[in-house]
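User: I'd like to practise reading a fold with you. Could we go through it feature by feature, with the general idea and then the case at hand?

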Amino acid sequence: MFSSLWHLINPRLCPMCGRVLYMDEDEICGFCVSKLPLTEHALRRDNSVELTFADENKFVRGGAFCYYRHGEPFTEAVHAMKYGSRPEVGLALGRIAGHKWKDSGFFDDMDMIIPLPLHRKRLHDRGYNQSEWIARGLCETIGLPIVTDCLIRTVNNAQQAFMSHEERRQLSQIFEVHNESAIRGKHILLVDDVMTTGSTLRRAIHALHPIRRCTVSVFVLARAVNKKYAADLKDEILHDDRVGFWV
Ligand SMILES: [Zn+2]
């Protein structure tokens with residue numbers, strides 16, 4: 001009763017189309033869920049995420065759930081999740097991804113999820129780590145434990161912004177591994193929200209390199225697509241999705 005009244009006074013809106021959500025809709029309306037710009041990455045080993053990290057030791061597999069193209073409604077959902085104090089949108093998208101990918105084999109043999117950590121200052125300012133909410137949504141279906149105390153981000157993006165290009169290039173370590181024994185010998189799924197060049201994820205993979213018998217896979221919610229080529233990527237079956245990405 002209280003919940004119904006609350007929703008009447010403060011209706012939840014779909015971040016993609018702006019429509020008021022029905023009580024049984026999970027943060028994104030049914031129409032927009034049916035229009036999500038899905039990739040085929042769960043089934044394609046030659047997808048652009050996997051190819052980005054294929055040369056890394058200990059890397060197993062990777063994929064993105066959706067394409068992120070500037071100007072499309074899906075970007076509004078990502079913005080609401082990251083900057084609009086609506087982490088529940090990440091949870092909902094993680095649930096959808098887990099449901100759609102659970103039988104694909106993508107999650108086979110994985111032991112745990114590590115959401116890509118934020119620097120503690122960023123976490124304090126935002127109040128939540130959106131990648132952790134995506135991971136929670138995934139886990140409702142795939143059931144892996146989420147580990148947040150083993151990979152720690154030691155450098156803030158804001159700090160990097162004040163550095164020269166050369167300083168940034170030299171800054172190879174922005175993550176540290178703590179509690180190493182908990183991840184030794186494990187197959188870890190790194191979960192991130194949006195991937196453009198993949199440089200941050202690569203640094204996370206590098207941080208895990210020294211851990212004995214540890215292997216790494218990558219799941220990203222959204223893969224940013226270069227605007228110039230976006231129109232060519234409507235049908236991934238016909239177009240090689242390596243074309244047009246920032247890699
Ligand atoms: Zn909608």
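**Reading the fold**

Analyst: Gladly! Bear in mind that this is a predicted model. Let's begin with helix 10, residues 199–208, where Leu201, Ala204, Ile205, Ala207 and Leu208 are buried. Viewed along the axis of helix 10, these buried residues fall within an arc of 160 degrees, so they line one face of the helix.

User: Why do residues three or four places apart in an α-helix point the same way?

Analyst: An α-helix has 3.6 residues a turn, so positions with that spacing point the same way.

User: And which elements do the buried residues of helix 10 pack against?

Analyst: They pack against helix 3 (48–53) and five strands: strand 1 (59–68), strand 3 (151–153), strand 4 (175–177), strand 5 (187–195) and strand 6 (215–224). Helix 10 lies across strand 1, strand 5 and strand 6, and runs at about 160 degrees to strand 5.

User: Now the sheet, please. What is the strand order in the open sheet of 4 strands?

Analyst: The order is 1-6-5-2, and the pairing is parallel. Strand 1 and strand 2 (112–115) stand at the edges with a single partner strand each, so one side of each has no neighbour in the sheet. From one strand to the next, the twist averages 20 degrees.

User: What should I keep in mind about side chains in a regular strand?

Analyst: In a regular strand they alternate between the two faces of the sheet. With that idea in hand, turn to strand 6: 9 of its 10 residues are buried, making this strand mostly covered.

User: How many bridges join strand 6 to strand 1, and how many join strand 6 to strand 5?

Analyst: Strand 1 and strand 6 pair over 7 bridges in the parallel sense, while strand 5 and strand 6 pair over 8, also in the parallel sense. Val220 of strand 6 is a handy landmark: Val220 is the bridge partner of Ala64 and also of Asp192. Another place to look is Ala222 in strand 6, which stands opposite Cys66.

User: How do I read a contact between two helices? Let's take helix 4 and helix 5.

Analyst: Start with the axes. Those of helix 4 (residues 73–83) and helix 5 (residues 87–101) come within 6 Å and cross at roughly 125 degrees. That crossing angle makes helix 4 oblique to helix 5. Next, look at who makes the contact: Ala77, Ala80 and Met81 from helix 4, with Pro87, Val89, Gly90 and Leu93 from helix 5. Sorted by class, this contact has 6 nonpolar residues, 1 polar residue and no charged residues.

User: Gly98 is in helix 5. Is Gly98 buried or exposed?

Analyst: Gly98 counts as buried because there are 23 C-beta neighbours inside 10 Å, and the cut-off for buried is 20 or more. Leaving out residues up to four places away in sequence, Gly98 touches Gly137, Leu138, Glu140, Thr141 and Ile142. Gly98 and Ile134 are 36 residues apart in sequence, with 9.6 Å between their C-alpha atoms.

User: What share of the chain's contacts with a separation of 6 or more comes from residues 24 or more positions apart?

Analyst: Such pairs account for 72% of those contacts. For the chain as a whole, there are 11 helices and 6 strands, and buried residues make up 37% of the 247 residues.

Technical notes:
Residues are numbered from 1 along each chain as its sequence is written. This is a predicted model: local features need pLDDT of at least 70, side-chain atom pairs count only at pLDDT 80 or more; totals for chains, interfaces and linings use all residues. A residue is buried if 20 or more other C-beta atoms lie within 10 Å of its own, exposed if 12 or fewer, and partly exposed in between; C-beta atoms are placed from the backbone. The arc is that of the directions from the helix axis to the C-beta atoms. Two residues are in contact if their C-beta atoms, placed from the backbone, lie within 7 Å. Axes are lines fitted to C-alpha atoms, for helices over the stretch in contact, and angles run from 0 to 180 degrees between N-to-C directions. Angles under 35 degrees count as roughly parallel, over 145 as roughly antiparallel, 65 to 115 as roughly perpendicular and the rest as oblique. Ala, Val, Leu, Ile, Met, Phe, Trp, Tyr, Cys and Pro count as nonpolar, Asp, Glu, Lys and Arg as charged, and the others, Gly among them, as polar. Two strands pair if DSSP finds at least two bridges between them.
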